[in-house]
Amino acid sequence: MSFVCTNKKSSTFVVLIFVYTIMKIEEIIKSKSPLEIEKKTLLNIMYSQNVISEKFSDLLKPYDLSAEQFNVLRILRGQNGKAVNMCTIQERMIAKTSNTTRLVDKLLFKELVTREICSENRRKMEVTITQKGLELLQKLDMLVINHEKSFASNLTTSELENLNELLEKYRTT
């Protein structure tokens, strides 16, 4: 991809060239021998997940938010103001091993959520997103969309659909 900028007052111009290099997983991990296709596939998925996670963490860092906390806030926003119990949050988490209680405690401290004892079952806690939490998500919405689009920019819609189908098939073994 290249861009040319000209200045009409003088005859100067600037050419910017962006070169995208696609590194093979063997190059990234500096493998000395060829990888079996199954191992190569798994390493590619794991490495890609790490790259995406690191960039997402960098995006959230200025807002003092982890990816897991962000996930909880998104789940709560999807409830449209209705309270949800901790088990429901845990079920909807992307990372199923997340400690939901600890995440909600941190969000409570930041005043992004409220937590109350369920009136029907005193053993359950109900969590709701606050206005401050909604406003934070609103600030982040465009940044998150741009993050998602940046990874998709090298692929066509058809390739993205194919990738999704293959990943869904791959993880259901």
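How much accessible surface does the chain have, and what share of it belongs to carbon and sulfur atoms? In this predicted model, the accessible surface of the chain comes to about 13,400 Å², and carbon and sulfur atoms hold 55% of that area. Of the 173 residues in the chain, 23% count as buried.

**Overall architecture**

Seven helices and five strands make up the secondary structure of the chain. Read from the N terminus, these elements follow the order β-β-α-α-α-β-α-α-β-β-α-α. Among the contacts in the chain with a separation of 6 or more, 44% are between residues 24 or more positions apart.

**The sheet**

Three strands form an open sheet, in the order β3-β5-β4, with antiparallel pairing. Strands β3 and β4 are the edge strands, each of them pairing on one side only. In general, the strands of a sheet pair through backbone hydrogen bonds, either parallel or antiparallel.

Strand β3 covers residues 84-85 and is joined to β5 by two bridges. Strand β4, residues 113-117, pairs with β5 over five bridges. V127 of β5 is the bridge partner of V84, and V127 also stands opposite R115. The bridge partners that can be named are set out below.

| Residue | Residue opposite, in β5 |
|---|---|
| V84 | V127 |
| N85 | E126 |
| R115 | V127 |

**The nonpolar core**

The largest nonpolar core has 24 residues. Those with the most contacts inside this core are L65, F70, V72, L73, L76, I89 and L140. At least two core residues are supplied by each of α2 (37-60), α3 (67-77), α4 (86-92), α5 (100-109), β5 (125-129) and α6 (131-152). Helix α3 gives the largest share, five residues.

Which residues does F70 contact, leaving aside its neighbours within four places in sequence? The contacts of F70 on that basis are F56, L60, L65, L137, L140 and V144.

**Helix α6**

Helix α6 has 22 residues, which at 1.5 Å a residue should span 32 Å. The end C-alpha atoms of α6 are 31 Å apart, so the model agrees with the expected span. The helix nevertheless bends by about 40° at L140, a residue that is also among those with the most contacts inside the largest nonpolar core.

The buried residues of α6 include G133, L136, L137, L140, V144 and H147. An α-helix has 3.6 residues a turn, so residues three or four places apart point the same way. Among the elements that cover the buried residues of α6 are α2, α3 and β5. Three of these buried residues, L137, L140 and V144, are also contacts of F70.

**N71 in helix α3**

Is N71, a residue of helix α3, buried or exposed? N71 has a relative accessible area of 13%. The cut-off for a buried residue is under 20%, and N71 therefore counts as buried. Leaving aside neighbours within four places in sequence, N71 is in contact with R92, M93 and I94. Of these, R92 lies within the range of α4 (86-92).

Note on methods: Residues are numbered from 1 along each chain as its sequence is written. This is a predicted model: local features need pLDDT of at least 70, side-chain atom pairs count only at pLDDT 80 or more; totals for chains, interfaces and linings use all residues. Side-chain values use heavy atoms; hydrogens and water are left out. A nonpolar core is a set of buried Ala, Val, Leu, Ile, Met, Phe, Trp, Tyr and Cys residues joined through side-chain atoms within 4.5 Å. Buried means under 20% relative accessible area, exposed over 50%, partly exposed in between (1.4 Å probe, protein chains only). Helices (H or I, at least four residues) and strands (E, at least two) are DSSP runs, numbered from the N terminus. Contact means heavy atoms within 4.5 Å. Accessible areas come from the Shrake-Rupley method with a 1.4 Å probe; for residues, only the protein chains shown count as cover. Two strands pair if DSSP finds at least two bridges between them. The expected span of a helix is 1.5 Å times one less than its number of residues. The bend at a residue is the angle between axes fitted to the seven residues ending there and the seven starting there.
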